[in-house]
Amino acid sequence: IIQQNKPSQILEIGTAIGYSGINMLKSYDQSHLTTIEYNLNRFYEAEQNFKKFKLNGRVTQILGDAEKEIILLNEQNKKFDFIFLDGPKGQYLAYLPTLVELLSVGGVLVSDDVLFMGLVQGEEKVKHKHRTMILRLRKYLEEINKNGLRSTIYDVGEGMAITRKIKE
C-alpha cells in the first residue's frame, strides 16, 4: 500500500517496537514517519530499532496518549498522506474525526484489527469484557464509509480496513 501510494508524510498510531514503521519507511524512501506510542518501554525500544536500521532521521517519535497527540497535530495544521491506525481498538471511533481532519484528500487510512477475533462481524453474544470495544468497532466500520470516505474491509488476520479520503 505504501509503494502504491508513495506518501511523503505517514502518521502511525501505536508504534510498539517500530516494526510496522520500519517496514513502511523501507517501502518508500521519500516518506517521513510521525509515530505515537503511549508505553515508555516500547517507545525506547522503537527508538533503538529505528537507529539500528538507520531510519531515525526520517522519524518523529511522540511519547503520549494518541487521542491528545492527534488533536495537537491537528491544531498545528499537520497533514498526512497515509495513516496507520494500530492503537487501542476501542478508541478508533473516538480518533476518527481528528484522523479525517489530518488526512489529505486522496490519502489513505489503514485501520488494523477491525474485525477483532471475528467478533465484530459475528452474530454471537459478546462477552462483557469485549462488548464496548466490539460495539465501537462496529460503529467505526459504519462511519468509515461516510462523509467523503470510501473503505474496503479485508478479512485477513484480525481484519484490516483501507479507507481513502475522497473529498473534504
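**Figure 1. Close-up of Q4 in helix α1 of the predicted model.** Q4 has its place in helix α1, in a structure that is a predicted model. With a relative accessibility of 69%, Q4 counts as exposed, because exposed residues are those over 50%. Between the C-alpha atoms of Q4 and N74, which are 70 residues apart along the chain, the separation is 26 Å.

**Figure 2. Close-up of K6 in the loop between α1 and β1.** The loop that holds K6 runs between α1 (2-5) and β1, where β1 covers residues 9-13. The phi angle of K6 is near 45 degrees, which is a positive value in a residue other than glycine. K6 has a relative accessibility of 49% and therefore counts as partly exposed, since the partly exposed class ends at 50%, over which a residue is exposed.

**Figure 3. Close-up of S31 and its contacts.** S31 is placed in the loop between α2 (19-27) and β2 (32-37). This serine is buried, its relative accessible area being 3%. When residues up to four places away in sequence are not counted, S31 touches P7, S8, I10, L25 and R58. One of these partners, I10, is also included in a core of 15 residues that is separate from the largest one, together with residues such as I2, A46 and F50.

**Figure 4. The packing of helix α4 on helix α5.** Two packed helices are described by the angle between their axes and the distance between the axes. For helix α4 (residues 66-75) and helix α5 (residues 92-102), the angle is about 25 degrees and the axes lie 10 Å apart. That angle makes α4 roughly parallel to α5, because angles under 35 degrees are counted in this way. The crossing in which α4 passes α5 is left-handed. On the α4 side the residues that meet the partner helix are A66, E67, I70, I71, L73 and N74, and on the α5 side they are A94, Y95, T98, L99, E101 and L102. Sorted by class, the contact of α4 with α5 contains 8 nonpolar, 2 polar and 2 charged residues.

**Figure 5. The largest nonpolar core, with L99 of helix α5 in view.** This core has 28 residues, of which L11, I13, L99 and Y140 touch the most other members. Two or more residues are given to the core by each of β1 (9-13), α4, β4 (80-85), α5, β5 (103-112) and α6 (128-143). Helix α5 provides the largest share, namely 6 residues. A second core, separate from this one and made of 15 residues, includes I2, I10, A46 and F50. With its neighbours within four places in sequence left aside, L99 is in contact with L11, I13, I70, I83, L85 and L109. L99 of α5 and I70 of α4 are also among the residues through which the two helices meet.

**Figure 6. Close-up of N77 in the loop between α4 and β4.** The loop between α4 and β4 is where N77 lies. N77 is not a glycine, yet its phi is positive, at about 60 degrees. The relative accessible area of N77 is 64%, and the residue is exposed.

**Figure 7. Close-up of Y154 in strand β6.** Y154 has its place in strand β6, which spans residues 149-154. A relative accessible area of 39% makes Y154 partly exposed. Residues up to four places away in sequence being set aside, Y154 touches L115, G159, M160 and I162. The C-alpha atoms of Y154 and V114 are separated by 9.2 Å, although the two residues are 40 residues apart along the chain.

**Figure 8. Close-up of G157 in the loop between β6 and β7.** G157 is found in the loop that runs between β6 (149-154) and β7 (160-165). This glycine is exposed, with 77% relative accessible area. From C-alpha to C-alpha, G157 and L115 are 8.7 Å apart in space, while in sequence they are 42 residues apart.

**Figure 9. Close-up of T163 in strand β7.** T163 lies in strand β7 and is buried, with a relative accessible area of 1%. Apart from residues up to four places away in sequence, which are not counted, T163 touches G107, V108, L109, I144, L149, R150 and S151. For one of these partners, L149, the C-alpha to C-alpha distance from T163 is 6.4 Å, with their positions 14 residues apart in sequence given as the separation.

Key:
Residues are numbered from 1 along each chain as its sequence is written. This is a predicted model: local features need pLDDT of at least 70, side-chain atom pairs count only at pLDDT 80 or more; totals for chains, interfaces and linings use all residues. Side-chain values use heavy atoms; hydrogens and water are left out. Axes are lines fitted to C-alpha atoms, for helices over the stretch in contact, and angles run from 0 to 180 degrees between N-to-C directions. Helices (H or I, at least four residues) and strands (E, at least two) are DSSP runs, numbered from the N terminus. Angles under 35 degrees count as roughly parallel, over 145 as roughly antiparallel, 65 to 115 as roughly perpendicular and the rest as oblique. A crossing is left-handed if the near helix is turned anticlockwise from the far one by less than a right angle, and right-handed if clockwise. Contact means heavy atoms within 4.5 Å. Ala, Val, Leu, Ile, Met, Phe, Trp, Tyr, Cys and Pro count as nonpolar, Asp, Glu, Lys and Arg as charged, and the others, Gly among them, as polar. A nonpolar core is a set of buried Ala, Val, Leu, Ile, Met, Phe, Trp, Tyr and Cys residues joined through side-chain atoms within 4.5 Å. Buried means under 20% relative accessible area, exposed over 50%, partly exposed in between (1.4 Å probe, protein chains only).
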